[in-house]
Amino acid sequence: MAMLEVNNIHTYYGNIHALKGVSITVEEKEIVTLIGGNGAGKTSTLRTISGLLKPRLGDIYFEGEKISDTPAHELVYKGITMVPEGRGIFARLTVFENLDMGAYSQPDRFTFDDDLDRVYQLFPRLKEREKQVSGTLSGGEQQMLATARALMANPRLLLMDEPSMGLAPILVESVFETIVEINKTGTTILLVEQNATVALSVANRGYVLQTGEIVLKDSAENLRKDEMVQKAYLGIE
Amino acid sequence: MKDLIKQGLRLGSIFGVVIIFLILFGLTSTLSDILGEFVNLESRTRTGNPGGLMILFALLSLWAGSSASASDRSNWKSALVSGVSVSLIIGLFVAAFILLVGFLDSADVEMRDYLAQLDHLSVQFLLYGRSLIAGVLITFGIFLIFGILGALLAYWYEAKQAGEVIQKQVLVLKEKALDSKLAKQYKENPRSKWIGYGLLGLVVFITPQFLGKYWNYAMGTVGIYVLMGLGLNIVVGLAGLLDLGYVAFFAIGAYTAGLLTAPAPLPLQIGFWPVLIFSIVMAAFAGILLGIPVLRMRGDYLAIVTLGFGEIIRVLIRSDMLAPYVGGPQGIRDIAGPSLFGIAFSGKAYLYLIIIAILLIILFTNYLQNSKVGRAWMAMREDETVAQAMGINTLYYKLMAFATGAAFAGLGGALFAARNQYTGPADHTLMVSINVLSLLIVGGMGSIPGVIVGAFVLKGLPEILRELDLYRLLVFGGLLVFMMIIRPEGIWPAPRRRMELHEGELDVLPPEESLVGKEG
């Protein structure tokens, strides 16, 4: 049984048919990426999985349990956490307070210090900036914070929406290195990315989304070799 | 340096213009009389007290000097520069104005035709009864000396405080070894703070004994506004939901208490204490009832809908249709007050009752603010969607904020109705909502001491200013505008909010707020 199973979901914004039957499976311990251009429906897919949008048709199962009717705030307790698009940090709170909010769903506050240490080990930079107001962090640090905050909820499945957005190439590389590291500790990752090159370099498998439909699915290796993908998303002629 | 001078000039001209307006409206003579009486100076002219006027000018320039130096108090030189520039400008403005009217007066021009407050006598008063040159020079001198003094005093005070902050930090580092990071983030207040609270409490409890009947009543009104302010503070300040119809819950509290204890229009006449509880519950219930359909809206839409709700309640209690049940425009009379051990409450006892209610609510709010609930509200106020993603049920916590705020207003309403032994539609106008919201803004959003200061300024000051009579609202409006320019975050803001409004000046929370990350 796959960890996450998305079966033929149709999502609408009012009358606009954004997702036209998207199906995705994510196995445990995998990194799966969803690539596609602007408006392909990547973020809509992620928002539907995380409960912020409701699919009009189709179901979503997480570890065998149907979650397409579960409100967004309950998913954290089931083990799914999202790193929102554009980072979505609490800009006026300090780094520490952001991380504390990330642990909101954790019933056992005694593990807090351990979780915090774990996260700081992954992002030593955040420890240095612990009491800084997070709105004053650089773009790369904000992305770190958003990821770290999500990890404070001890997720089994981490949904990441465009972590490379607005970052310098060198930072993108380091962000993706941490993604691999997070995955090694046993967290499954579903990654939505416009930057197909880096996404496919870290992922096990990938899906290509076009105007609300999956047009291609394969291992990341095969996708990198695919002629259509090379032309449209990797910039190789 | 250049910026400091610029800031000084800007502030100086604001102060200068305001002072000229005060003179033009004749307010200076009234104020000088009050101040003169305060220090027992004998009045020498019929239009005001010259000594009082000097004190007034000195106070104003002290204030101007200290606010001018606020932008940079890192060393005494920059404080001096701000002080000099601001006081020079105010001095020039006011002295030039007095010179002008003095000159016109000596040339026998009838200014009264154009400016009702200026005649020969009042000009003499502005010159302290001396010659033109002497009077102008004295004014200029007062502004210069006290402006600079204000700036330097403010610098000195801050320097002294900075020393204390460093001492505090050392203490924190020492304590750090003992407890975990989390415990420290939501740390208890140190003992010295509690002693301070104790003294404050003592003062609060003794004061009513020395107040006359009128002041007891006025302070009671202030207290009821503190109650409502604390409630709205939860809704607006903590949860970030703009509620413009807050008076509705006040009305529900007042009317529940009224209807259940008064002989008419409903012959129930239940005792006060159970009804007090019931009023709170009713208001909270109304909060939930309104909240369920409304709280899916955000920002401005929420504000409009709540505004409408407030008006609906007022129209309903005023309507002829419901008059047989709620009293209509006449309201409800002979509302029963509380009694304890057979003794009915009178003026002073009501004030104590209100003070006790305020204390309980402050404790409760403090507890909420530092609990999981408070953190959920904070996350929600920052970003609703992300808060959801963190596992926060936003609808639930919004309802909770709404119900809690409404309950506090209900309590305020019940006390209000019982104290006045009357309540009617006129007590529950939109102005109440606006007043409560203004007191939050003036005092400082999200801050409990801010609410108290705000209520005193907004409801207490007009009582004190009653001596000014006609000018009361004018002075009051002027003060509000002035404050928004000088201190937009409120008089006693929550540290976080102060930080938001002074972006760039401070990107780390003050040490007493955030106690983590100072690894030794």
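This report walks through a predicted model with chains A and B, from the make-up of each chain to the empty spaces and a few single residues.

**The two chains**

Let's start with the overall make-up. Chain A is built with 10 helices and 10 strands, while chain B comes to 21 helices and four strands. Of chain A's 237 residues, 56% count as buried; for the 520 residues of chain B the figure is 48%.

How do the contacts spread along the sequence? In chain A, take the contacts between residues at least 6 apart: 65% of them join residues at least 24 apart. In chain B, among contacts with a separation of 6 or more, residues 24 or more positions apart account for 74%.

**Empty spaces**

Rolling a probe the size of a water molecule over the atoms shows where empty space is left. Done here, that turns up two cavities of 30 Å³ or more. The table puts them beside the second largest pocket.

| Space | Volume | Nonpolar lining residues | Polar lining residues | Charged lining residues |
|---|---|---|---|---|
| Largest cavity | about 80 Å³ | eight | two | none |
| Second largest cavity | about 30 Å³ | four | three | none |
| Second largest pocket | about 390 Å³ | six | six | six |

Which residues line the largest cavity? From chain A come A:S50, A:L52, A:A72, A:L75, A:V76, A:I80, A:T81, A:M82 and A:L159, and chain B adds B:A389. Two elements of chain A, α2 (72-78) and β6 (80-83), each supply at least two residues of that lining. No charged residue takes part in it; eight of the lining residues are nonpolar and two are polar.

The second largest cavity is lined by A:F123, A:Q143, A:M144, A:T147, A:V175, A:T178 and A:I179. Helices α6 (139-151) and α7 (169-184) of chain A each give at least two residues to this lining. Look at the domains too: domain 1 (4-79 + 155-234) and domain 2 (91-154) of chain A each contribute at least three residues to the lining of the second largest cavity. Charged residues are missing here as well, with four nonpolar and three polar residues in the lining.

Now for the second largest pocket, at about 390 Å³. Its lining has 18 residues, and those nearest the centre are B:R296, B:R298, B:E384, B:Q388 and B:T394. Elements giving two or more residues to the lining are α2 of chain A together with α16 (384-389) and α17 (394-420) of chain B. By class, this lining divides into six nonpolar, six polar and six charged residues.

**Two helices**

Helix α1 of chain A covers residues 42-49, and seven of its eight residues are buried. Those seven are A:K42, A:T43, A:S44, A:T45, A:L46, A:T48 and A:I49. After α1(A) comes A:G51, which has a positive phi, near 90 degrees.

Over in chain B, helix α3 takes in residues 50-68. What span should its 19 residues have? At 1.5 Å a residue the expected value is 27 Å, and because the end C-alpha atoms are 27 Å apart, the two agree. The buried residues of α3(B) include B:P50, B:G52, B:L53, B:L56, B:F57 and B:A58. Further along α3(B), B:L60, B:S61, B:A64, B:G65, B:S67 and B:A68 are buried too.

**Two single residues**

In chain A, A:E5 sits in strand β1 (residues 4-13). Is A:E5 buried or partly exposed? Its relative accessible area is 26%, and buried means under 20% while exposed means over 50%, so A:E5 is partly exposed. Leaving out neighbours within four places in sequence, A:E5 is in contact with A:I24, A:T25, A:D59, A:I60 and A:Y61. There is also A:K66, 61 residues from A:E5 along the chain, with 9.2 Å between the two C-alpha atoms.

In chain B, B:S85 belongs to helix α4 (residues 76-106). The relative accessibility of B:S85 is 8%, which is under 20%, so B:S85 counts as buried. Which residues does B:S85 touch, not counting those up to four places away in sequence? They are B:L4, B:I5, B:G8 and B:L9.

Notes:
Residues numbered from 1 in each chain as written. Chains lettered and ligands numbered in written order. Predicted model: local features only at pLDDT ≥ 70, side-chain atom pairs only at ≥ 80, totals over all residues. Heavy atoms only, no water. Buried < 20%, exposed > 50% of the residue type's maximum accessible area, 1.4 Å probe, protein only. Contact = heavy atoms within 4.5 Å. 1 Å grid on protein atoms, 1.4 Å probe; cavity = no way out; pocket = protein on both sides within 12 Å on 5 of 7 lines; lining within 4 Å. Points joined across faces, edges and corners; volume = space filled by probe spheres on them. Nonpolar A, V, L, I, M, F, W, Y, C, P; charged D, E, K, R; others polar. Domains from an automatic or database assignment. Expected span 1.5 Å × (residues − 1).
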